[in-house]
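Here are a few exercises to work through with the structure open beside you. Try each one before reading its solution.

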Amino acid sequence: MFDPDVTSPLDDGSPAITPVGPVSRAIIRCRASDIDLVSNRIDIALPRAACRSVQDSGLSALWLGPDEWLILNATPADSWVSELSARLDGALCSLVDVSHRQVALSVHGPRAEDILATGCALDHSIAAFPVGMCTRTMFAKAEIVLWRTGAANFHLEVWRSFARYVEALLREAESER
Amino acid sequence: MLLLECPYCGPRAEIEFRYGGESHIRRPGPHAEVSDAQWADYLYNRKNLKGEHRERWLHAAGCRRWFNVARNTVTHQVLAVYKMTEPCPLPDDTGAPVGDPSMTPGTAMGGAA
């Protein structure tokens with residue numbers, strides 16, 4: 001469940017790196033044959049295309065694998081996942097509340113691609129990593145979910161215990177000119 | 001570092017993957033008819049090929065899918081990448097493990113032979 005009193009491990013923002021405020025998160029897993037049913041029940045179309053996301057009325061569905069999606073709710077609510085669970089009653093799927101498993105950072109500005117490139121081997125150019133693309137990948141030795149929300153905006157999800165590690169490396173990269 | 005093309009996510013760095021050993025190993029059965037030697041062969045014996053190898057990889061820090069890679073263990077050249085349910089797309093591939101037949105440790109290794 002979502003608890004608004006859980007504090008963020010992250011420091012305050014710097015010009016290019018800002019902690020993202022509280023977000024409710026859920027992981028949905030289901031078979032390809034059940035995607036339509038699950039999408040209808042939760043009111044957001046789970047993307048079938050690899051590494052793509054869908055945004056709809058405050059909800060975001062990020063493709064993590066052919067049977068796995070990360071659902072982000074920008075207006076966190078204690079009851080949200082239990083409501084989803086009730087709506088999914090009878091559907092063959094797995095729904096897990098991961099609101100506090102991970103925290104999010106926003107990496108933004110003209111140097112965002114360069115900052116991320118210091119720890120992540122992906123091609124972050126807009127041609128190879130277009131707006132809306134999302135993927136689980138590695139940043140240095142930590143697993144992250146990287147999601148491009150704008151031409152110069154990246155949303156980075158990292159597990160709570162790795163948050164300070166990733167944040168410190170990002171801030172170090174930001175400090176290098 | 002290898003650059004492997006995940007069949008779902010596209011080209012990714014090797015650090016996103018875990019190696020899963022030799023691929024196309026069939027479990028012998030039915031179980032009541034499997035000898036200890038066959039079972040030990042299935043569990044422990046691998047070809048350890050020098051040359052073209054069929055192997056499993058897991059995209060652990062990505063889509064978390066297992067898939068197959070045909071790779072030359074000498075040159076590291078990746079010859080093909082294909083999903084777990086697909087046959088090896090190489091034109092000369094029969095679906096059987098490749099390599100020197102004398103190196104195949106036993107009958108439990110599956111394939112067409």
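**Exercise 1.** What should the 13 residues of helix α4 (residues 163-175) of chain A span at 1.5 Å a residue, and how far apart are its end C-alpha atoms?

*Solution.* Some housekeeping: this is a predicted model, where local features need pLDDT of at least 70, side-chain atom pairs count only at pLDDT 80 or more, and totals for chains, interfaces and linings use all residues. Residues are numbered from 1 along each chain as its sequence is written, while chains are lettered from A and ligands numbered from 1 in the order in which they are written.

Step 1: helices (H or I, at least four residues) and strands (E, at least two) are DSSP runs, numbered from the N terminus. Step 2: the expected span is 1.5 Å times one less than the number of residues, so α4(A) should cover 18 Å. Step 3: its end C-alpha atoms are 18 Å apart, which agrees.

**Exercise 2.** Which residues of α4(A) are buried, and which are exposed?

*Solution.* Step 1: call a residue buried if 20 or more other C-beta atoms (placed from the backbone) lie within 10 Å of its own, exposed if 12 or fewer, and partly exposed in between. Step 2: Ala163(A), Val166(A), Glu167(A) and Leu170(A) come out buried. Step 3: look down the axis of α4(A); the buried residues fall within an arc of 100 degrees, so they line one face of the helix. That arc is taken from the directions from the helix axis to the C-beta atoms. Step 4: on the other side, Ala168(A), Glu172(A) and Ser175(A) are exposed.

**Exercise 3.** Find how β8(A) is covered and how it joins β9(A).

*Solution.* Step 1: six of the six residues of β8(A) are buried. Step 2: sort them by face, with Cys134(A), Arg136(A) and Met138(A) on one side and Thr135(A), Thr137(A) and Phe139(A) on the other. Step 3: strands pair if DSSP finds at least two bridges between them; here six bridges join β8(A) to β9(A), running antiparallel. Step 4: opposite Thr137(A) you'll find Ile144(A) in β9(A). Step 5: the two strands make a hairpin with two residues between them, and Ala140(A) in the turn has a positive phi of about 50 degrees.

**Exercise 4.** Is Arg111(A) buried, partly exposed or exposed?

*Solution.* Step 1: locate Arg111(A) in the loop between β7 and α3 of chain A. Step 2: Arg111(A) has 17 C-beta neighbours inside 10 Å, so it counts as partly exposed.
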